[in-house]
Amino acid sequence: MSSVTVPPSPVSPRSTPSTPSTPVVVQEEVQAALADGRGVVALESTILAHGLPHPDNIEIAAQIEDAVRAGGGVPATIAVLGGVVHVGLGPSELERICTAPDVAKLSMRDLGVAVALGLDGATTVASTSAVAHLAGIRVFATGGLGGVHRGASATFDVSADLGVIASTPVLVVCAGVKSILDVPGTLETLETLSVPVLGYRTNAFPGFYLSDSGHEVPWRVESAAEAAAVVVARDRLGTDAAGVVLANPLPVDRQVERGLHDRLVAEGLAVLEREGVHGKDVTPRLLEYFHDNSGGESLRANVELVLSNARLAGEVAAQIVAQSAAATDVAGVAGTVADATGLGS
Ligand code: PSU
Ligand code: MN
């Protein structure tokens, strides 16, 4: 798949000026979509490399991209291949991320290391958001966010996802966070970091496999258009550079049965303890345990929620583009009226 070097980003005052030697390439289709003002949706690769079992992950990766298109967006899966950051992957590149045995899990702090050492790596919510912003992409779809882990007051285990979302103006569509995390602690931290959390047609913050984590969202939106309007309004206000979390629950009749869910969480946490798993290996090990011990239920739910998020993200991305253009038109007309009446001078 042909690619071009990333252009200087129009929305990224934080990014270093791009030069032909910048180790970021944007797939041609993605580049054209951004230039033509079509909605682009970033997709992370850690769920492919470390969250979903092989070989199902190869087919699921393609389904996620198709879901973005069904929603009206253009998909851009982000990963590092041979030390080059790719925004948009072709089929063989997707397969490499899904198949290669030595794909590192790269959070934001790891990106520069992977580039310097020429490694293959999969990007998390944190690093995918950062690269998406660099490329001028406004919307990102994933499964679940990283968050505050249970016992974080002793272990300090709080995902870097939260801090990066707080400083990166990208809307992240997710199914909330897993109940292996400290859900109220995660919501409190998002509040402290000034990250708005929107429930999509729900008042309840979803719990990934569960439609309702038992905790409320501060705001509810009824449509992709309303979610996009929040992003456009935040642009116009310019009060901060935080992202937005759009929480999209599984329908109640598609969630994992609660008894199975509670058993898996209790057993999964015990496995971590017994095996002494910590740091970046925690989430992949838990997901592996769930997929090996749920008779296919955790994988079924995981795939359904990711596809639903990808489709919704496609709709929101298309809406942001349409509404931003409309807002510019209105501003232009208002300016003309003001000039004509002398009110503008
Ligand atoms: N939550 C999930 N599935 C995942 C992840 C989170 O339900 O695959 C991945 C995402 O890539 C997320 C990362 O950004 O785990 C968070 O890892 P950590 O807690 O190590 O920051
Ligand atoms: Mn962690």
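**Ligand 1 and its surroundings in a predicted model**

Biologist: Which charged side chain has an N or O atom 2.7 Å from an oxygen atom of ligand 1?

Modeller: This is a predicted model, in which local features need pLDDT of at least 70, side-chain atom pairs count only at pLDDT 80 or more, and totals for chains, interfaces and linings use all residues. Residues are numbered from 1 along each chain as its sequence is written, chains are lettered from A and ligands numbered from 1 in the order in which they are written, and side-chain values use heavy atoms, with hydrogens and water left out. A polar contact is a pair of N or O atoms within 3.5 Å. The side chain that meets this at 2.7 Å from a ligand 1 oxygen is that of D161.

Biologist: How much of the accessible area of ligand 1 does the protein cover?

Modeller: Accessible areas come from the Shrake-Rupley method with a 1.4 Å probe. On its own, ligand 1 has 470 Å² of such area, and the protein covers 93%.

Biologist: How many residues surround ligand 1?

Modeller: A residue counts if one of its heavy atoms lies within 4 Å. The closest are E44, V125, S159, D161 and K178, and the total is 15.

Biologist: Why does ligand 1 lie between two domains?

Modeller: Domain bounds come from an automatic or database domain assignment. Ligand 1 lies between the domains because its shell takes residues from both domain 1 (1-137) and domain 2 (138-326).

Biologist: Where is P55, which a cis peptide bond joins to H54?

Modeller: The omega of that bond is about 5°. Helices are DSSP runs (H or I, at least four residues), numbered from the N terminus. P55 is found in the loop between helix 2 and helix 3 (56-70).

Definitions and conventions. Polar contact = N/O pair within 3.5 Å; in protein donor to acceptor, adjacent residues only side chain to side chain. Helix = DSSP H or I, 4+ residues; strand = E, 2+ residues; numbered from the N terminus.
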